[in-house]
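Visitor: I would like to know how the labels on this model are earned. Please take me through them, value against cut-off.

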Amino acid sequence: MAIIDVTISQLSESVAEATLLNWKKKPGDAVAEDEILFEIETDKVVFDVPSPSSGILFEILVGDGGTVVANQILARIDTEGKSVGSEQSAVSSGQLEVSSQQSAITGIVMPAAAKLMAETGLTASQVEGTGREGRITKGDVLAAVASGAEPASPVTPPQPKLKPVEAHLESPLITERPEQRVPMTRLRARIAERLLQSQATNAILTTFNEVNMQAVIDLRSRYKATFEKEHGVKLGVVSFFVKAAVHALRKYPVLNASVEGKDIIYHGYFDIGIAVSSPRGLVVPILRNADQMSIAEIERKIADFSTKAKLGNLSLEELTGGTFSISNGGVFGSMLSTPIINPPQSAILGIHATTDRAVVENGQIVIRPMNYLAMSYDHRIIDGREAVLGLVAIKDALEDPARLLLDL
């Protein structure tokens, strides 16, 4: 018997522990090298942990829902496949060999890739394998999703099963009142903790303005077909807000600063967080050096973030840092909101749904596509003047995009 330990490497500098979500195998099962054994959830991401070797899963030391730390031994694998008796071991090894043969017949889809294909509804014929000998990898499936591949069959998310709660009810028409108690995921608990921290430690104030989006709409309408053909990605709206925000942060650097003790840290770079909804909660991946990115690069990165968020594949690096954030409630139809600052940042821009509204121009009532902007800021270091003027700079840049080219 040759036993090896299954562990997880260092999580990250800011993550002390994680939760083991669920095992994909049980003791006695045959496992192949790099086959997914279980999922780990930190307060930022969920990731798969592959088997370090082929063999038989000999022992599981931490069950589903257990708390784990870096370098902790979570399970043991018998690489000689004798942990459950020679007869059973031989059967398991035979099953493993058959499984490998079937994998070769079906196009050699790696286990992690097969899991993603099942979640997204894609088939092997829709994914181009770039791995060794044409193997389809997890990255290949992500690339297919990002390129707009449509699922071959509808994907139905699992629905929670609600157990009826017995109660003495007066009305004979009401026979059950279902409810379900579900513990917070580590990500949701971390979100709650950070939101409370933000409100408790920042002097949050919000200023509002409105912007006429006609110039941006006209620009998109004129160039969207050419843009997509040239760059392979659709021309959206958020990229204009990113460029306008960077434009304003250059003018008013304190909006891009953060507080550390009694010091103000002024950042000479612009890392913009883009709030993205995921099945496990709100996440904020970072556009690094957004000032150096083109509109096309921003659009590609946002599309990539959106795909990864839906699949739960954002990395810790993509979620760490940031000097300013943008939250787009408009994608869900929000008219107005007061966004909460993402610590240690000192300001956040909230954008909302663009709708036709009656406004007054030159003494006349006209219909224009208007968007309400909201900027929440930490009043400890940002005065109302900088916040208001910063929001006005964003408004001016969106209403006259030429200002972005001329740096006005």
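Guide: Start with two helices: α6 and α7 are oblique to each other.

Visitor: What makes α6 and α7 oblique?

Guide: The axes of α6 (residues 238-251) and α7 cross at roughly 120° and come within 9 Å. Axes here are lines fitted to C-alpha atoms, for helices over the stretch in contact, with angles from 0 to 180 degrees between N-to-C directions. Under 35 degrees counts as roughly parallel, over 145 as roughly antiparallel, 65 to 115 as roughly perpendicular, and the rest as oblique. The helices α6 and α7 are therefore oblique. Their crossing is right-handed; that word applies if the near helix is turned clockwise from the far one by less than a right angle, and left-handed if anticlockwise.

Visitor: Which residues make the contact between α6 and α7?

Guide: From α6, Val238, Ser239, Val242 and Lys243; from α7, Ile295, Ile298, Glu299 and Ile302. Contact means heavy atoms within 4.5 Å.

Visitor: What kind of model is this, and how are residues numbered?

Guide: It is a predicted model, in which local features need pLDDT of at least 70, side-chain atom pairs count only at pLDDT 80 or more, and totals for chains, interfaces and linings use all residues. Residues are numbered from 1 along each chain as its sequence is written, and side-chain values use heavy atoms, with hydrogens and water left out.

Visitor: How do you know that the length of α7 agrees with its residue count?

Guide: The expected span is 1.5 Å times one less than the number of residues. For the 17 residues of α7 (residues 295-311) that gives 24 Å, and the end C-alpha atoms are 25 Å apart, so the two agree. Just after α7, Gly312 has a positive phi of about 70°.

Visitor: What counts as a helix or a strand here?

Guide: Both are DSSP runs numbered from the N terminus: helices are H or I with at least four residues, strands are E with at least two. The protein chain has nine helices and 19 strands.

Visitor: Why is Val254 called buried?

Guide: Buried means under 20% relative accessible area, exposed over 50%, and partly exposed in between (1.4 Å probe, protein chains only). Val254 has 11%, so it counts as buried. Val254 sits in the loop between α6 and β10 (258-260). Beyond four places in sequence, Val254 touches Tyr266, Ile381, Ile382 and Glu386. The C-alpha atoms of Val254 and Ala347 are 9.1 Å apart, with their positions 93 residues apart along the chain.

Visitor: Why does His352 get the label buried?

Guide: Its relative accessible area is 4%, so His352 is buried. His352 lies in the loop between β17 (347-351) and β18 (355-361). Among its contacts beyond four places in sequence are Gly330, Met335, Asn371 and Tyr372. Across the protein chain, buried residues make up 40% of the 408 residues.

Visitor: Which label does Asp34 get, and which does Asn362 get?

Guide: Asp34 is at 44%, so it is partly exposed. Asn362 is at 81%, so it counts as exposed. Asp34 lies in the loop between β3 and β4, and Asn362 in the loop between β18 and β19 (364-378). Neither is a glycine, yet phi is positive: about 75° for Asp34 and about 55° for Asn362.

Visitor: What makes β5 and β7 edge strands?

Guide: Two strands pair if DSSP finds at least two bridges between them. The open sheet of four strands runs β5-β4-β2-β7, with antiparallel pairing. There β5 (46-50) and β7 (67-69) each have a single partner strand, so one side of each has no neighbour in the sheet.

Visitor: How do you know that β4 and β5 pair?

Guide: β4 (residues 36-41) and β5 share five bridges, in the antiparallel sense. One bridge joins Glu39 to Asp48 in β5.

Visitor: What is the strand order of the other open sheet, and how many bridges hold β3 to β6?

Guide: The order is β1-β8-β6-β3, with antiparallel pairing. Its edge strands are β1 (3-6) and β3 (30-31), each paired on one side only. β3 and β6 (residues 55-60) have two bridges. Four bridges link β1 to β8 (residues 75-78), and four link β6 to β8. In β8, Ala75 is the bridge partner of Val6 and of Ile60.

Visitor: Where is the cis peptide bond?

Guide: It joins Pro343 and Pro344, with omega about 5°. Pro344 is in the loop between β16 (324-328) and β17.
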